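Q: I've got a model open and a few labels to sort out. Can we go through what backs each one?

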Amino acid sequence: MTLIIRPDSWNLPLLLHVGGAMALVASVTVAAVALIQGWRTSDASSAALKRFGARTLLYAAIPSYFVMRIAAQWILSKEHLENSNAAWIGDGFLAADFGALLLLIATIVANVAVRRDPDAGLGKLAKVGASLSVVLIALYVFAVWAMTTKPA
Amino acid sequence: MGYSTLLFLHVTSAFTMVTAAGLFLAIALAQRSARHSATALRLAPVAGILWPVGGLLVIVFGVWLALHDSQYSLGDGWIIAAIVLWVIGSAIGGRLGAGYRKMASSGAAPDPAALALNLALVVTVLVILIDMIYKPGAS
């Protein structure tokens, strides 16, 4: 197989896109682990884990999402693929845009749960946030598969 | 295994490694506050699994990719640089993981160098990513 070396001008947007995606996956995973650990325990640390997970979604995952998504649009325009019907681009949009909705809901419900009852365990709202974080991780694995294998 | 599958496995392993680095960093930042230090150690077991698994698989699939494709060679400067950086990152991550495990299991005192080591790990991972994207010297 012969690979085509991409033009140098594509490197920066690609770096920001991949770097943003890595930061996004890492921060959603940190939040998911914290929220699930809080779910599994009934001691006082449950409230702290809930707060930690909710804040991680708000202050790390959301900014990382913007870096990933804006850089995705930048690299797409560099490659002149804005109007492409390629399946892998559609998959990428699905993961990014549907994922944004899930990320937004997860962040809102987890932070509302912290605000409503800062000293209690997870509760229903934060459990929804934890579950959505796990769904997001699965969605991101699908996105990595689509971006690397570029299915026809 | 085809090129695309190897690339998917290599990149997924890299994401796993970066996720573990994120967990290490989250623990280190939480350690700065006495209120959160014990809580943050709950993240240590997951980081302790993700780091070695991601680290091992990323190098296995990375070397496999280099051998699989005739355009790449293990002697290319950017690949040698990536391997050297991977060794440095593995050493730092290994020390951090072991330290956090010890703290979680026996209540050992935090490593005073943990925050500096975390920053070094973030820089190492970032330089590896830049090297992988820009591939300096590749023709």
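Q: How do you know that contacts in chain A link residues far apart in sequence? What share of those with a separation of 6 or more is 24 or more positions apart?
A: Two residues are in contact if their C-beta atoms, placed from the backbone, lie within 7 Å. Among the chain A contacts with a separation of 6 or more, 80% join residues 24 or more positions apart. Before going on: this is a predicted model, where local features need pLDDT of at least 70 and side-chain atom pairs count only at pLDDT 80 or more, while totals for chains, interfaces and linings use all residues. Residues are numbered from 1 along each chain as its sequence is written, and chains are lettered from A and ligands numbered from 1 in the order in which they are written.

Q: What makes up the secondary structure of chain A?
A: Helices (H or I, at least four residues) and strands (E, at least two) are DSSP runs, numbered from the N terminus. Chain A comes to four helices and zero strands, so by that definition it reads α-α-α-α from the N terminus on.

Q: Why does the span of α2(A) agree with its residue count?
A: The expected span is 1.5 Å times one less than the number of residues. With 34 residues, α2(A) should span 50 Å, and its end C-alpha atoms are 48 Å apart, so the two agree.

Q: Where is the kink in α2(A) centred?
A: On L57(A), with a kink of about 35°. The bend at a residue is the angle between axes fitted to the seven residues ending there and the seven starting there. Just after α2(A), H80(A) has a positive phi of about 55°.

Q: How many residues of each class are on the side of chain A that touches chain B?
A: Ala, Val, Leu, Ile, Met, Phe, Trp, Tyr, Cys and Pro count as nonpolar, Asp, Glu, Lys and Arg as charged, and the others, Gly among them, as polar. On that count this side has 18 nonpolar, ten polar and no charged residues. The contact takes 28 residues from chain A and 26 residues from chain B, and α1(A) gives the most to chain A's side, with 14 residues.

Q: What makes a set of residues a nonpolar core?
A: It's buried Ala, Val, Leu, Ile, Met, Phe, Trp, Tyr and Cys residues joined through C-beta atoms within 7 Å; buried means 20 or more other C-beta atoms within 10 Å of a residue's own. The largest such core has 86 residues, and those with the most contacts inside it include L35(A) and A47(B). Its largest share, 18 residues, comes from α1(B).

Key. A residue is buried if 20 or more other C-beta atoms lie within 10 Å of its own, exposed if 12 or fewer, and partly exposed in between; C-beta atoms are placed from the backbone.
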